[in-house]
Amino acid sequence: MVNPRLVHLKKRGEFLRVASARRKFVTPSLILQARPHDESDAEDTAPIRVGFTVSRRVGNAVVRNRVRRRLRAAAEEIMPGFADANSDFVIIGRRSALGQEYTGLTGHLKSALAKYEKENNKQKPIAE
RNA sequence: CCAGACGGUCGGAUGGCUGCCUUUCGCGUUUCGGCGCGGGGGGAGGAAAGUCCGGGCUCCACGGAAACACGGUGCCGGGUAACGCCCGGCGGGGGCAACCCUAGGGAAAGUGCCACAGAAAGCAAACCGCCCGGCUAAGUUCCAGCUUGCUGGAACAAAGACGGGUAAGGGUGAAAGGGUGCGGUAAGAGCGCACCGCGCUGCCGGUAACGGUAGCGGCAUGGUAAACCCCACCGGGAGCAAAACCGAAUAGGGACGGCCGGCCGGCAUUGCCCCAGGAUUUUGUUCUUGGGUGAUGGCUGGCAAGCGUGUUUUCGCGCUGCUGUCCGGGUAGGUUGCACGAGGCGUCCGGUAACGGGCGUCCCAGAUGAAUGGCCAUCUAUCGUUGCCGGUUUCGCCGGCAGCGUGGACAGAACCCGGCUUACAGGCCGUCUGGCACC
RNA sequence: GGGCGAUUAGCUCAGUUUGGCAGAGCACCGUGUUCACAUCGCGGGGGUCACUGGUUCAAGUCCAGUAUCGCCCA
């Protein structure tokens, strides 16, 4: 396995499904998209699933690789402790992630995850 | 020491914490496909890029070969698996030089084009001009006559049209039919001569491209082929998203069964029998056409029934076989292709070189939403700034040392290899050229 | 990864085949018409032909290279 606690999204359809949930949180260095699991894929809830997107507008191949690797390192450090395990995430890299301090990068990810958690808890009582 | 030319090479280093991909060994486990744990090895480039050429490999097409068409290449010789690449040489151009640039076959095989300007743009012609000839002839001079200012004659002659000679000069243009000089001439002209250029022939050197030289010709043959074209040589097409194998779920196709089967009509297919016609045959027979009759969950129309649905009724819409086993195509996905190769390094030999050969040694990335990383510390190249010192053609420039700050250029394999082109902070090494100083 | 195409005025496009003056429509400016505006008439400005070299007397056009944008292939 890639990581015992993080599984990567690989299919184009999975990315589109996360984007269609329309839950987006913007920070200076990254954009977080999230989607809670529904009944259809609730049978195994253990790994957090996350995908990375860095478009061509960010830069050439070297820049894109570096942005994606820094974001992946930050996600592997932060997400097992902070993220809701019953959700899929897509992290979209922005150009400023290249020069951002690493602690700032993890801070941005933490704040985006916290916003998602807060919104989720606010919605739950209505749903139940 | 300064300035420059060419070639080669490197393209951050070390350590710590923590991850990813791959491979191998050991142990454990297994539903025999693998999985887990631990140890070891390996993990981006000179351009991995652009996709501009050449090959390997795969599929498609094709009896062999050639030709046509289309595309490409284009001085000569060599290297190579091959090339439009590389090496050496030649011609032309540039630079004081080292050296650099060069798509560089054919324009007397043919066609096209050469705008504007100019007389004329390709075959020789003639606008202005220059010169000659006779003709007309203002005018000037001289002679003769006499009606003394007129007439006649002669010579010279501005100018004009005409006929001829010429291409030196003018002007236009990117380009005007060899150039310069002397002679020559009515004026001119390769008309003659010398040198240069050009062409032809011979000789010498060279494998050749080509170079040198002698004689002859007296200038004929403008440019454009990255315009069509001619000549010589090369090329079948597509590309690893090629191709091969395994293969879910869902829908649909086919075969064989089981259960159940509302009525009427049309079409189609088909079996058997009957009737009629035709063909064939001696006959039997066989074939065929039409009609009748029966069958077929093959299509279709209507009514009825059932189910679903619009909240319910009326009313409307949609569906009508259900089910089991097997087969084939094939999607998602997976595996192979896929990394031992025109391989790297060292050394010796041949060759001016590109390169070739022998020997030894090494195994050196294989991802697929795509691994080769993230964070930290120290050092270092560079750059900025400050101070000090030294050199010097004072502004200034160069070099060294120290402090502070910044902190690496272009750029990421995607089947592989040989080239080309493009991007690139800077460092190091070697060879050579010019200038200055000293011995 | 591989295979193709495009780039001309502020915008949309001709012109490229066969080299010679860079054009059209809309937009912009001035002016006339109108009490005023629109429409309409007349006149005008605006271009490194994406960029860099080469061939040619001459390049938007021909030939190489570069940049940007777009399309197709499982």
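# Worked exercises on chain A and RNA strand B

At 8% relative accessibility, N120 counts as buried. The model examined in these exercises is a predicted one.

**Exercise 1. Place N120 in the fold and decide which residues it touches beyond its sequence neighbours.**

Start with the secondary structure, where N120 belongs to helix α3. Next, recall the burial cut-off of under 20% relative accessible area; N120 is at 8%, and therefore it is classed as buried. Then set aside residues up to four places away in sequence, after which N120 is found to touch R23 and D84. Finally, compare positions along the chain with positions in space: N120 and H108 are 12 residues apart in sequence, and their C-alpha atoms are 18 Å apart.

**Exercise 2. Describe the overall make-up of chain A, beginning with the order of its elements.**

First count the elements, which come to three helices and five strands. Reading from the N terminus, their order is β-α-β-β-β-α-β-α. Then turn to burial, where 40% of the 128 residues in chain A are buried. The surface exposed by chain A is about 7,800 Å², and carbon and sulfur atoms supply 51% of it. Last, consider the contacts between residues at least 6 apart in sequence, of which 79% join residues at least 24 apart.

**Exercise 3. Determine how the rings of F25, F89 and Y116 are linked.**

The count of aromatic pairs is two. Take F25 and Y116 to begin with: their ring centres are 6.0 Å apart and their planes stand at 65 degrees, and because planes over 60 degrees apart count as edge-to-face, this pair is given that label. F25 lies in strand β2 (residues 24–26) whereas Y116 lies in helix α3 (residues 102–127), so the pair ties together parts that are 91 residues apart in sequence. As for burial, F25 has 6% relative accessibility and counts as buried, and Y116, with a relative accessible area of 0%, is buried as well.

Now take F89 and Y116, an edge-to-face pair with 5.7 Å from centre to centre and 85 degrees between the planes. Here strand β5 (residues 87–93), which holds F89, is linked with helix α3, which holds Y116, across 27 residues of sequence. F89 is buried, as is Y116. Putting the two steps together, ring pairs join F25, F89 and Y116 into a cluster.

**Exercise 4. Compare the surroundings of two further buried residues, Q33 and T106.**

Begin with Q33, which is part of strand β3 (residues 30–36). With 14% relative accessibility, Q33 counts as buried. Leaving out residues up to four places away in sequence, Q33 touches V18, A19, R23, K24, D88, F89, V90 and I92. One of these contacts is F89, a member of the ring cluster, and another is R23, which N120 also touches.

Continue with T106, a residue of helix α3, which has a relative accessible area of 9% and is buried. With the same exclusion of residues up to four places away, T106 touches A74 and I78. The C-alpha atoms of T106 and A74 are separated by 5.7 Å, although these residues are 32 places apart along the chain.

**Exercise 5. Work out which parts of chain A surround RNA strand B and which atoms meet there.**

As a first step, identify the surrounding residues: there are 21, and the closest are L9, T53, R66, R68 and R70. On the RNA side, sugar and phosphate account for 57% of the strand B atoms that come within 4 Å of the protein.

As a second step, look at individual atom pairs. A polar backbone atom of L9 is 2.5 Å from a sugar or linking oxygen of RNA strand B. For F52, a backbone N or O atom lies 3.3 Å from a base nitrogen of the RNA. In R66 the side chain takes part, with an N or O atom 2.5 Å from a phosphate oxygen of RNA strand B.

As a third step, assign the surface to elements: α1 (12–20), β4 (48–53) and α2 (61–82) are those that give two or more residues to the surface near RNA strand B. The most comes from α2, with 10 residues.

As a last step, sort the residues of this surface by type, which yields nine nonpolar, four polar and eight charged residues.

Technical notes: Residues numbered from 1 in each chain as written. Chains lettered and ligands numbered in written order. Predicted model: local features only at pLDDT ≥ 70, side-chain atom pairs only at ≥ 80, totals over all residues. Heavy atoms only, no water. Near = heavy atom within 4 Å. Polar contact = N/O pair within 3.5 Å; in protein donor to acceptor, adjacent residues only side chain to side chain. Helix = DSSP H or I, 4+ residues; strand = E, 2+ residues; numbered from the N terminus. Nonpolar A, V, L, I, M, F, W, Y, C, P; charged D, E, K, R; others polar. Buried < 20%, exposed > 50% of the residue type's maximum accessible area, 1.4 Å probe, protein only. Contact = heavy atoms within 4.5 Å. Areas by Shrake-Rupley, 256 points an atom, 1.4 Å probe, with all protein chains shown as cover. Phe/Tyr/Trp six-rings, centres within 6.5 Å; stacked < 30°, edge-to-face > 60°.
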